[in-house]
Amino acid sequence: MTLSRRTMIGSTAALTASTLLTQAKTHAADEKTTVNFALVGLGSLSTNQIAPALQKTKHAKLAGIVTGTPEKEKIWADKYSIKSENIYNYENFDKIAANKDIDVVYIVLPNGMHKEFTVRGANAGKHVLCEKPMANSSEDCRAMIEACKKNDRKLAVGYRCQFEPHHLYCRDTVQSGKYGPLHAIEAGFGFKIGDPNQWRLKADLAGGGALMDVGIYALQACRFLTGEEPVAVTAQETKMDPKKFAEVDETITWTMTMPSGVNCYCSTSYAFNGINRFNAYGESGWLGLDPAYSYKGIKGQSKDGPIQFDQIDQFAAEMDAFAQCILEDRQSKVPGEEGLRDLLAIEAIYASIKTGQRTKVQEA
Ligand code: NAD
C-alpha cells in the first residue's frame, strides 16, 4: 500500500483527535466527583438520619467513622462497608491527618464537644461540617472559624432547613415583597424532653437547654426569612421543673427586633410537645409552615392557599451541597459565620433573661 501525503495528513489528524479524546476521557475519569465523609459520633442522629442519608447522596460518601464505643466499629463497618483503616476513636482521631481517603469530618457529638473536634479536624487538614448549635459560645465559634481559616479548610454548620424547598419558597416569597413589607414573624419549636440524665440537660455538654437545641430553629427561621440580623432581644424564662432543668433552660419566650423594624415573637420549650412552626405577616398577606422543622412532612399555608413541594431528605441535600462546595472550591451558604451569628443572638437572649433588660446583639 502506498500512502499519499494527503492520507498521511488525514490519518495523523485522526490519530491526534483520537489521542486527545482518550486523554480527555481519562482526565474526566480522574476528576473527583465524590467527597468522602467520616462521621464523628455515632449517636441517634448519625444512626437514624445521617448514615441513611449518605446512601442517597450523589457527591458525598460515607467512608469513615470516629466513635468512642468499640462495639459500634464492627456493626458500622459491616453495615456500610467501611475500611478498617478509616475507623478512629476520640483519642487517635488526629491520625486521620495521614488518611487521604477522608475529605470531610462531620461532627455529630454533644454541643460542648463541637469546638474541640472541629479544631482537631481542621488541624488534621479535613473540611468540617458541624452540627447545630455550632458550639457552646460565640468565643468557641470564633476559634472554630479561625482554625478552619488557618488550615485553609471549609467549615459549614448543619442547618438542614436552609436546603428545604418549603423554607426556600417562604424566604423567596417574603423577600420578593409579594405580601408587601414584612411586619412580624412568630416562630417556635419545642418538645417534651425525656430521660433526665441525658447530656442535653447538662450545661457543659449542651451549652443550654431548649433554646440551644431547638429554639435555634425559630431563631434561624427569623434570620433566614428576613435576611436580617437581630438588633436587640428581650427574653423571659419559665421553669416548672427546677430539678430536671437545674443546669439548663426549660421554656423561653423572646422577641427580636430586626433593622427593618420587623418584630419576631419566638418561643421554645423542653416541657411540652406541639410547637413546630413559623408564620410571617406582611402588609398584604401572610405565609407559614407547621410543622416547619421536622425531618419530613413539612406543611405550608399562605393567604393564597397551601404551600406544597416534594419532601426531600434534608440531610442528603445539606451534605451534597457541602460536597459540591468542596469540589468546586466555593464557600458554603451555611458557613461558620452563620453559626456564630446564631450564638451571638442566643447569648443576648440569655443575658436578657438574667438582667430583665432589652439586650443588644453583638456584631459578628
Ligand atoms: P446522641 O446523644 O444520640 O449522640 C451523641 C453521641 O456522642 C453518642 O454516640 C455518644 O456516645 C457520643 N458522646 C461522646 N462523648 C459523649 C459524652 N461525654 N456524653 C454524651 N455522649 C457522648 O445525640 P444526637 O441527637 O445524635 O445529637 C448529636 C448532635 O447533633 C448535637 O449537636 C445535636 O444538637 C445535633 N442534632 C441535630 C439535629 C438536626 O436536625 N440537625 C437533630 C438532632 C441532633
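# Exercises on a predicted model

P133 sits in the loop that links β5 to α5 (138-150). The model you see above is predicted, and we will walk through it together in a few exercises.

## Exercise 1: Unusual backbone spots

Find out what kind of peptide bond precedes P133, and look for other backbone spots worth a note.

*Solution.*

Step 1. Start with what you should expect. Most peptide bonds are trans, and most residues other than glycine have a negative phi.

Step 2. Now check the bond from K132 to P133: it is cis, with omega near -20 degrees.

Step 3. Move along to P291, in the loop between β12 and β13. A cis peptide bond joins D290 to P291, and here omega is about 0 degrees.

Step 4. Finally, visit the loop between α3 and β3, where S81 is placed. S81 is not a glycine, yet its phi is positive, at about 50 degrees.

## Exercise 2: The six-stranded sheet

Work out the strand order of the open sheet of six strands, and name its edge strands.

*Solution.*

Step 1. Read across the sheet: the order is β3-β2-β1-β4-β5-β6, and the pairing is parallel.

Step 2. Look at the two ends of that order. β3 (87-88) and β6 (155-157) are the edge strands, each pairing on one side only.

Step 3. Zoom in on one pair. Strand β1 (residues 35-40) and strand β4 (residues 104-107) run parallel and are joined by four bridges. Take L39 as an example: its bridge partner in β4 is Y106.

Step 4. Add the helices. Helix α3 (residues 70-80) packs on this sheet and touches β1, β2 (60-66) and β3. The direction of α3 makes about 165 degrees with that of β2. Helix α4 (residues 114-123) also packs on the sheet, touching β1, β4, β5 (127-130) and β6, and its direction makes about 160 degrees with that of β5.

Step 5. Compare with the record. An unreviewed UniProt entry annotates residues 35-159 as "domain: Gfo/Idh/MocA-like oxidoreductase N-terminal". In the model, that span is 35% helix and 21% strand, and its end C-alpha atoms lie 19 Å apart.

## Exercise 3: The nine-stranded sheet

Explain why one side of β14 and one side of β15 have no neighbour in the sheet.

*Solution.*

Step 1. Write down the order of this open sheet of nine strands: β14-β13-β12-β11-β7-β10-β9-β8-β15, with mixed pairing.

Step 2. Find the ends. β14 (305-307) and β15 (359-360) stand at the edges with a single partner strand each, so one side of each is left without a neighbour in the sheet.

Step 3. See what "mixed" looks like in practice. Strand β7 (residues 182-190) pairs with strand β10 (residues 263-269) in the parallel sense over seven bridges, and A184 stands opposite N263 there. In contrast, β11 and β12 pair in the antiparallel sense over four bridges. Y281 has W286 in β12 as its bridge partner, and three residues lie between the two strands of this hairpin.

Step 4. Go one strand further. β12 and β13 run antiparallel and are joined by three bridges, with L287 opposite S302 in β13.

Step 5. Place the helices. Helix α6 (residues 165-176) lies across β7, β11 (276-282), β12 (286-289), β13 (300-302) and β14, running at about 160 degrees to β12. Helix α10 (residues 336-355) packs on the sheet too, where it touches β8 (232-238), β9 (251-257) and β15; its direction makes about 60 degrees with that of β8.

Step 6. Check the record again. UniProt, in an unreviewed entry, places "domain: GFO/IDH/MocA-like oxidoreductase" at residues 169-287. Over these residues the chain is 24% helix and 33% strand, with end C-alpha atoms 10 Å apart.

## Exercise 4: Around the ligand

Which residues come nearest to the ligand, and how much of the ligand does the protein bury?

*Solution.*

Step 1. Gather the neighbours. There are 24 residues around the ligand, and S44, N111, K132, R160 and W199 come nearest.

Step 2. Look for polar atoms facing ligand oxygens. A polar backbone atom of G43 is 3.0 Å from an oxygen atom of the ligand. From the side chains, a polar atom of K72 lies 3.4 Å from a ligand oxygen, and an N or O atom of R200 is 2.9 Å from one.

Step 3. Turn to the area. Taken alone, the ligand exposes 830 Å², and the protein buries 79% of that.

Technical notes:
Residues numbered from 1 in each chain as written. Predicted model: local features only at pLDDT ≥ 70, side-chain atom pairs only at ≥ 80, totals over all residues. Heavy atoms only, no water. UniProt positions renumbered as here; feature names shortened; annotations may be inferred. Pairing = 2+ DSSP bridges. Contact = heavy atoms within 4.5 Å. Axes fitted to C-alpha atoms, helices over the stretch in contact; angles between N-to-C directions. Near = heavy atom within 4 Å. Polar contact = N/O pair within 3.5 Å; in protein donor to acceptor, adjacent residues only side chain to side chain. Areas by Shrake-Rupley, 256 points an atom, 1.4 Å probe, with all protein chains shown as cover.
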